[in-house]
Amino acid sequence: MTALLKTEGLCKRFGSVRAVDGVDLEVREGQLTAVIGPNGAGKTTLFHLVTGAIAPDAGRVHFAGRDITGWPPAAIVRAGLARTFQITSVFPELSALENVLLPVLAQRRETARLWGSYAGHPARDAALELLDRVGLVAQAHRPCGQLSHADQKLVEVAMALATRPRLLLLDEPAAGLAPGETERVIGSLRDMVAAGGVTVVLIEHDMDIVFSMADRIVVLHQGRVLADGTPSEIRANPAVKEVYLGGTFAGRP
Ligand SMILES: Nc1ncnc2c1ncn2[C@@H]1O[C@H](COP(=O)(O)OP(=O)(O)OP(=O)(O)O)[C@@H](O)[C@H]1O
Ligand SMILES: [Mg+2]
């Protein structure tokens, strides 16, 4: 399988903290990869380095066969690599469709006419197609504020898909959700990856869900890759067992 994303010796220090410390990683096209690890392991910093939000002290980032190290974030998005942030939000008073229309119109360099009609407009069809990809087309006309938290998270994912990424990085897409809702959000993402066209790397703390739904798991610990493999390989990995206490990371409930 092709490596869509590849990092080589990626490093980032904050003062004396080695947040990301020599990370070599390959993300294969068409997979759902989960990045796990205790608080402060360097997961979010790794995403920042890959998406150009911060520059690495050392190391390279290759995406879709190109060396994108040091590229501005907007150029990286245009190359097909999108992300969502640990904390994001939708406009609660706008419908799911209107929320997704905003980035679709921005992508088409058109100004939003929020009170206008988009009947028959290609942007409307594009937005509906994105909602369909996350399984939300039936909720398209409901105000986002009335949707469940899980559905609001999926609207955010649909918004991130507006740039037509080949790779989507999601930082804790299920943060703050009840366990059943987390399962639904990650399940929808897994279905979306299985349907083709986008590869997903997500940061997630719920181990049961990660182990049941990810194709591949990367364990970060103190800025380094502790283990990298299929869920069964990670479960059997002695180094991971040492960091985990009774199936959960130390410090995690
Ligand atoms: N801008 C910054 N300035 C200084 N230190 C930082 C900065 N960003 C991150 N760090 C430190 O780098 C380390 C890695 O942080 P990071 O946010 O990448 O961890 P994480 O794995 O995403 O944690 P969490 O699970 O809590 O989100 C931590 O020790 C953190 O305090
Ligand atoms: Mg984080």
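A polar contact here is a pair of N or O atoms within 3.5 Å. Keep that cut-off handy for these exercises on a predicted model.

**Exercise 1. Find which side chains make polar contacts with ligand 1, and give the distance for Lys43, Thr44 and His205.**

Solution. Start with Lys43: an N or O atom of its side chain sits 2.7 Å from an oxygen of ligand 1. Next comes Thr44, where the corresponding distance to a ligand oxygen is 2.8 Å. Then try His205, which has a polar side-chain atom 3.2 Å from an oxygen atom of ligand 1. With the cut-off at 3.5 Å, each pair passes. As for cover, ligand 1 on its own has 640 Å² of accessible area, and the protein covers 60% of that.

**Exercise 2. Describe the shell around ligand 1: how many residues does it hold, and which element gives the most?**

Solution. Count first: 14 residues surround the ligand, with Asn39, Gly40, Lys43, Thr44 and Thr45 the closest. Now sort by class, and you get 5 nonpolar, 7 polar and 2 charged residues. Finally, look at the elements. Both β2 (17-28) and α1 (43-50) give two or more residues, and α1 gives the most, with 3.

**Exercise 3. Follow His205 away from the ligand: where does His205 lie, and which side chain does it join in a polar contact?**

Solution. Place His205 first: it's in the loop between β8 and α7. His205 counts as buried because its relative accessible area is 17%, under the 20% limit. Its side chain has a 3.1 Å polar contact with that of Glu172. Now turn to Glu172, which belongs to the loop between β7 and α6. Glu172 is at 13% relative accessible area, so it is buried. Check its backbone too: phi is positive, about 50 degrees, though Glu172 isn't a glycine.

**Exercise 4. Test helix α6 (residues 179-195): does its end-to-end distance agree or disagree with the expected span?**

Solution. The helix has 17 residues, and at 1.5 Å a residue it should span 24 Å. The C-alpha atoms at its ends are 24 Å apart, so the two agree. Next, list what's buried: Thr182, Val185, Ile186, Gly187, Ser188, Leu189, Met192 and Val193. Their cover includes β3 (32-36), α4 (122-133), α5 (149-160), β7 (167-171), β8 (199-203) and α7 (207-213). Just past the helix, Gly196 adopts a positive phi of about 95 degrees.

**Exercise 5. Is Ala64 buried or partly exposed?**

Solution. Look in the loop between β4 (58-63) and β5 (66-67). Ala64 has a relative accessible area of 32%, so it is partly exposed. Its phi is positive, near 50 degrees, in a residue other than glycine.

Key
Residues are numbered from 1 along each chain as its sequence is written. Chains are lettered from A and ligands numbered from 1 in the order in which they are written. This is a predicted model: local features need pLDDT of at least 70, side-chain atom pairs count only at pLDDT 80 or more; totals for chains, interfaces and linings use all residues. Side-chain values use heavy atoms; hydrogens and water are left out. A residue is near a molecule or strand if one of its heavy atoms lies within 4 Å of it. A polar contact is a pair of N or O atoms within 3.5 Å; within protein, one must be able to donate a hydrogen and the other to accept it, and residues adjacent in sequence count only if both atoms are side-chain atoms. Accessible areas come from the Shrake-Rupley method with a 1.4 Å probe; for residues, only the protein chains shown count as cover. Helices (H or I, at least four residues) and strands (E, at least two) are DSSP runs, numbered from the N terminus. Ala, Val, Leu, Ile, Met, Phe, Trp, Tyr, Cys and Pro count as nonpolar, Asp, Glu, Lys and Arg as charged, and the others, Gly among them, as polar. The expected span of a helix is 1.5 Å times one less than its number of residues. Buried means under 20% relative accessible area, exposed over 50%, partly exposed in between (1.4 Å probe, protein chains only). Contact means heavy atoms within 4.5 Å.
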